[in-house]
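Here are my notes on this model, set out point by point. Please read them with the structure open.

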There are 2 protein chains.
Amino acid sequence: MSNQSKPVYLKLRDMIAAAIIDGRYREGEMLPSVRALAAEQGANPLTVAKAYQQFQNDGLVEVQRGVGMYVAKGAAGVLRQREREEFLKEEWPEIRERMQRLGISPAELMSDA
Amino acid sequence: MSNQSKPVYLKLRDMIAAAIIDGRYREGEMLPSVRALAAEQGANPLTVAKAYQQFQNDGLVEVQRGVGMYVAKGAAGVLRQREREEFLKEEWPEIRERMQRLGISPAELMSDA
DNA sequence: AATAGTGCATCAGTGCCATAATACAGCGCG
DNA sequence: CGCGCTGTATTATGGCACTGATGCACTATT
């Protein structure tokens, strides 16, 4: 679902958020430059910048102009907590309702790791 | 998630599909007319027509020109089966991965009815 | 100073979505 | 027939989000 018709900058945003939460981008470390990530992902630098901007506004990354962007202290925790609440409050109720409608029992989903 | 920035015609499509699966629009029964549903939902008749069209192409509703549209026989089953497969194959893996990342255990969500 | 790397702002182009205003075509009923 | 209800086709238009190209401002390094 997330890899289909979703805007590129949102896919990038989720990708970056996941990397921060998972610790692949560690706190205090430098993030990939706009141009570098753009080249790596085959996207436009501006699109990548737009993805980064969301984190700047929330203070989750600190910008040093002419240098680069760094993961702020505590960003991983804040991000995980925020997404957690968002998931439980906004997304899960609809998912649950949908499963109920489609007759999908929770048991059959728990099997694999 | 489904009620946010999604195009109107897709929201209507999902709404109608849910109604058919739940049996609120029963097989053989007449669907709300394009104009009626448009007025009820505060949407444009053309947008409603666009939503209905998806079902016509799949033969899930039968059109009697000048009369109205009827839910085809077996539409509910086909629809539920199709959405079921789509959910299990496309959506659930990503949901599961996300839950894992956020540290949400499936068990705590399945409890209530 | 020169250079190359950062992020950022501005402007423009493109495509999808939604709407509007009509007009047309088929059916049922009085 | 005449009226009113169906769905459908056409064309045009405005809005909005996404994407993109270019150039500028800033910093570190040499």
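1. Start at a base of DNA strand C. A backbone N or O atom of B:Gly66 lies 2.8 Å from a base nitrogen of this strand. The model is predicted.

2. A second base contact to DNA strand C involves chain A. Here an N or O atom in the side chain of A:Arg65 is 3.1 Å from a base nitrogen. The phosphate side is represented by B:Asn44, with a side-chain N or O atom 3.1 Å from a phosphate oxygen of DNA strand C.

3. What surrounds DNA strand C? There are 21 residues around it, and A:Ser33, B:Pro7, B:Val8, B:Tyr9 and B:Gly66 come nearest. Of the strand atoms within 4 Å of the protein, sugar and phosphate account for 68%. The surface near this strand has 10 nonpolar, seven polar and four charged residues.

4. Both chains build that surface. Chain A supplies at least two residues from each of helix 2 (34-41), helix 3 (45-57) and strand 2 (68-71). Chain B does so from helix 1 (8-22) and helix 3 (45-57). Helix 3 of chain B has the largest share, three residues.

5. Turn to DNA strand D. Around it are 21 residues, the closest being A:Val8, A:Asn44, A:Leu46, A:Arg65 and B:Arg65. Sugar or phosphate makes up 65% of the strand atoms within 4 Å of the protein, and bases make up the rest. The nearby surface comprises 10 nonpolar, seven polar and four charged residues.

6. Three polar contacts to DNA strand D deserve a look. A polar backbone atom of A:Val8 is 2.9 Å from a phosphate oxygen. The side chain of A:Asn44 places an N or O atom 3.3 Å from a phosphate oxygen. B:Arg65 has a polar side-chain atom 2.9 Å from a base nitrogen. Two or more residues of the surface come from each of helix 1 and helix 3 of chain A, and from each of helix 2 (34-41), helix 3 and strand 2 (68-71) of chain B. Helix 3 of chain A gives the most, with three residues.

7. How do helix 1 and helix 3 of chain A cross? Their axes come within 8 Å, at roughly 50°. The two helices are therefore oblique to each other. The crossing is right-handed.

8. Last, the residues at that crossing. Helix 1 of chain A contributes A:Val8, A:Tyr9, A:Leu12, A:Arg13, A:Ile16 and A:Ala17. They meet residues of helix 3 of chain A, including A:Val48, A:Ala51, A:Tyr52 and A:Phe55. By class, this contact has nine nonpolar, two polar and two charged residues.

Notes:
Residues numbered from 1 in each chain as written. Chains lettered and ligands numbered in written order. Predicted model: local features only at pLDDT ≥ 70, side-chain atom pairs only at ≥ 80, totals over all residues. Heavy atoms only, no water. Near = heavy atom within 4 Å. Polar contact = N/O pair within 3.5 Å; in protein donor to acceptor, adjacent residues only side chain to side chain. Helix = DSSP H or I, 4+ residues; strand = E, 2+ residues; numbered from the N terminus. Nonpolar A, V, L, I, M, F, W, Y, C, P; charged D, E, K, R; others polar. Axes fitted to C-alpha atoms, helices over the stretch in contact; angles between N-to-C directions. Parallel < 35°, antiparallel > 145°, perpendicular 65-115°, else oblique. Left-handed = near helix turned anticlockwise from the far one by under 90°. Contact = heavy atoms within 4.5 Å.
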